[in-house]
2 protein chains.
Amino acid sequence: MRTIAIGVLGLGNVGTGTLQLLRDNRDAIEARVGARLDVRAVLVRDPNKPRDVELGGARLTTRPADILDDPEIEIVVELIGGLDPARDHVLRALRAGKHVVTANKALLAERGEQIFAEASQRGLAVFFEGSVAGGTPLLRSLREGLASDRIEALTGIVNGTSNYILDAMTRTGARYEDALRAAQEAGYAEADPTLDVDGSDAAHKLALLALVSFGVRVDPGAIHREGVTGIDPFDIKTADELGYVIKSLAIARRSARGVSLRVHPTMVPKTHVLAGVHGSYNACLVESRALGRSLYYGRGAGPMPTGVAVVSDVIEVARLITGRASHEDAGARLLPKSGAQPERVDPLPLDELECENYLCIHVPNQPGVLGRCAACLGRHGVSIKRMFQEAPRGDAPVSMVIFTESVPERSVAAALAEMSTFDILSRPTDRIRILDPDTID
Amino acid sequence: MRTIAIGVLGLGNVGTGTLQLLRDNRDAIEARVGARLDVRAVLVRDPNKPRDVELGGARLTTRPADILDDPEIEIVVELIGGLDPARDHVLRALRAGKHVVTANKALLAERGEQIFAEASQRGLAVFFEGSVAGGTPLLRSLREGLASDRIEALTGIVNGTSNYILDAMTRTGARYEDALRAAQEAGYAEADPTLDVDGSDAAHKLALLALVSFGVRVDPGAIHREGVTGIDPFDIKTADELGYVIKSLAIARRSARGVSLRVHPTMVPKTHVLAGVHGSYNACLVESRALGRSLYYGRGAGPMPTGVAVVSDVIEVARLITGRASHEDAGARLLPKSGAQPERVDPLPLDELECENYLCIHVPNQPGVLGRCAACLGRHGVSIKRMFQEAPRGDAPVSMVIFTESVPERSVAAALAEMSTFDILSRPTDRIRILDPDTID
């Protein structure tokens, strides 16, 4: 039986999980691939550090060239993350004729064009199941299972850190800062959580989902994003009382006019399936022409869930090498035989969106103030569906909660902009979009 | 490019959906398979009936032999359902060297052994993605995506009719009979709904899930099942007040002692992801060693969702024929090269199960009666976690609601059996199991 040599860049949590799965499932993998997979070398920072995994014959090295220039290595598994030096390593691997498996969503979302072009020219694979919702076969299902279908929309909880924080705030009534600290202590948030909590990580994943589902390439920087840092316990409590939970959603939808992409906190009815996604779990609701609605749910990160995704990609690439799979298969849309690249598109401007909204206006308890705000909304065509306010307590500011009808984004934006110039507001108005009723069964 | 001839048995809803998908996605399918798929003939009862689908070159016939004896046909798609004559047709197709795709869960659950043995001997495929949760790639994901993992448990809503009825009862407070009638009017229940509402259909699906996930064959008749016919609005309302919804679940779990399989109504916390599965949707929560918990959700039936599943199987079988896939792939566990068959096992007896329970005891409003029931539970070791009773209204019977601790099934059964001999009960005691807290995040 022939042997396929593999080089792994990075031996953190995911790298360790990947090596362990490759070893534990050696026989099953051999049967599926028709070849033996041999991890030849692993790039690490410190070769003397004790490791939690049996390395077998794999050599630890600190020199990228030991992997990238080894002509026997056919598959490079990139697990170091970040843009640099990951990009250089991946490009160098491709130029040396090696297939690439990576879980690096930032790299592919930001620099994917060059990487996929390089791969396509040389007929090489770049697979990235582990980059989105590691614990579910989401990308694979979008590509393969739905091959005879057309995907119209995706609504996902794709950032485990944000979901963990919002879920903790919902369960315990905690403030954002305290929930973040708890998430950090539990290992669900980084020391610097910025990219997770500001929506950037979700935007990267959304760009990759749009690539796989719609066959279009989008600059993740052009995706509208709002983080979870502005959510406060009053919003969570009000949502709860009205039958909603607040989730940070990444939403993609295509229409005749183009592709709409956005990441923002959203009020989701408690009875909706996405409301049942707790802690650091990920989920993605897919709407497609033939299947209707389907959902994939699982752990979004972690050594073993992401390791399973990476190993499934390694198996698929190895099957390309042994001829048990063809390029038309899984990579069809990313590696078109013609060498054609996915079309680059700009997402539709957000102001074309229509949705219902939750607004919470904070004003001093004075006559005429609420009326002035309501009149402002009316002037901009923002119809009010329901509105209520708790009984004022002495001179404390009051919070007026408004649910709007489905109105154009630009109307809400204009009303909020005008209202922000009022000298009467105690603090800026909170605004959370409400899940599109079309997404609700 | 070579052509692969296909024969389809049955042109009902799923058959029509299948033909339409094969036609609409012809080019994409050709690229994936490396051959042209040609539906040569379709078995129907009445060839003169007007059809909703363009038949292309497909010939309608009323004679099974036109398909089963046509040496050019390489794939037979069985969509007539039921045991007979489907079984004869499938066996005859296999004996003639044809691969089989079917969505017939009853056939495979009841007669699978003979069918799979016949296929295995001849190196033929029998694929059945459409038989369970048609609208999700559940079986495919269990087989392939989890190839480097070990599945420990499945908890599924796999019968859309039962779920539709319980969901309607929850939303509207309707009685079972009225919800069933509404389901029939909406097309979500058959005129004779017995197999759906008594748990038999779910037991068939559970047997197939156990085959694919655990590699064991179980007689579906040996699977403990309880239907939804005994659920009444009081149970639904009490569940709601205590933060639960009632769902009919199919549960499979393996342990060192064996495989436990059961279908019964279950109290699910409202915040659990399975509580968000409404209407006729299906969902299956999978617990596996490496991935942890993952969930697949989608339409369980319908022409297009099931058609997508059938077409994905047809593509896979066609790729076997063109050499683009190998038997070690998808069918690995069902078509072992060795010709070995999955082990036949008996499910563990239910009385080894431990779970929490909801009991509702209906008794006349008389002193001492409740005490007698509580004492009976105590005698059998059924510990009470919480208990409450509404204020009695005059002489009307009262309903005492009891939540038990996690206790052995045999203790509950013994207590309920003894209690049923009491002459004081106004009507039989309701009993609903509570979702295993291990299944709850």
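Two strands pair if DSSP finds at least two bridges between them. Helices (H or I, at least four residues) and strands (E, at least two) are DSSP runs, numbered from the N terminus.

The exercises below concern a predicted model, in which local features need pLDDT of at least 70, side-chain atom pairs count only at pLDDT 80 or more, and totals for chains, interfaces and linings use all residues. Residues are numbered from 1 along each chain as its sequence is written, while chains are lettered from A and ligands numbered from 1 in the order in which they are written.

**Exercise 1. The sheet of chain A**

Task: State how many bridges join strand E1 of chain A to strand E2 of chain A, and place the two strands in their sheet.

Solution.
- Step 1. Strand E1 (residues 3-9) and strand E2 (residues 36-43) of chain A run parallel and are joined by seven bridges. One bridge partner can be named: A:Thr3 is matched with A:Arg36 in E2(A).
- Step 2. In chain A, six strands form an open sheet in the order E3-E2-E1-E4-E5-E6, with parallel pairing. Its edge strands, which pair on one side only, are strand E3 (59-61) and E6 of chain A.
- Step 3. Two helices are then added. Helix H1 (residues 13-24) of chain A packs on the sheet and touches E1, E2 and E4 of chain A; its direction makes about 155° with that of E2(A). Helix H12 (residues 303-321) of chain A also packs on the sheet, touching E1, E2, E4, strand E5 (99-102) and E6 of chain A, and its direction makes about 160° with that of E4(A).
- Terms. Residues are in contact if their C-beta atoms, placed from the backbone, lie within 7 Å. Axes are lines fitted to C-alpha atoms, for helices over the stretch in contact, and angles run from 0 to 180 degrees between N-to-C directions.

**Exercise 2. Backbone exceptions**

Task: Find the cis peptide bond of chain A, and describe the phi and surroundings of A:Ala133.

Solution.
- Step 1. Most residues other than glycine have a negative phi, and most peptide bonds are trans.
- Step 2. The bond from A:Asp84 to A:Pro85 is cis, with omega near 5°. A:Pro85 lies in the loop between strand E4 (73-78) and helix H4 (86-95) of chain A. In chain B, a cis bond joins B:Asp84 and B:Pro85, with omega about 5°.
- Step 3. A:Ala133 is not glycine, yet its phi is positive, near 50°. This residue sits in the loop between strand E6 (126-127) and helix H6 (138-145) of chain A.
- Step 4. A:Ala133 counts as buried because it has 30 C-beta neighbours inside 10 Å. The cut-offs are 20 or more other C-beta atoms within 10 Å for buried, 12 or fewer for exposed, and partly exposed in between, with C-beta atoms placed from the backbone.

**Exercise 3. Where the chains meet**

Task: Which element gives the largest share of the side of chain A that touches chain B?

Solution.
- Step 1. The contact takes 46 residues from chain A and 46 residues from chain B.
- Step 2. On the chain A side, helix H2 (26-33), H6, strand E13 (292-299) and H12 each supply at least two residues. The largest share, eight residues, comes from E13(A).
- Step 3. E13(A) runs antiparallel to strand E13 (residues 292-299) of chain B, and five bridges join them. Among the partners, A:Leu295 is matched with B:Tyr297 in E13(B).
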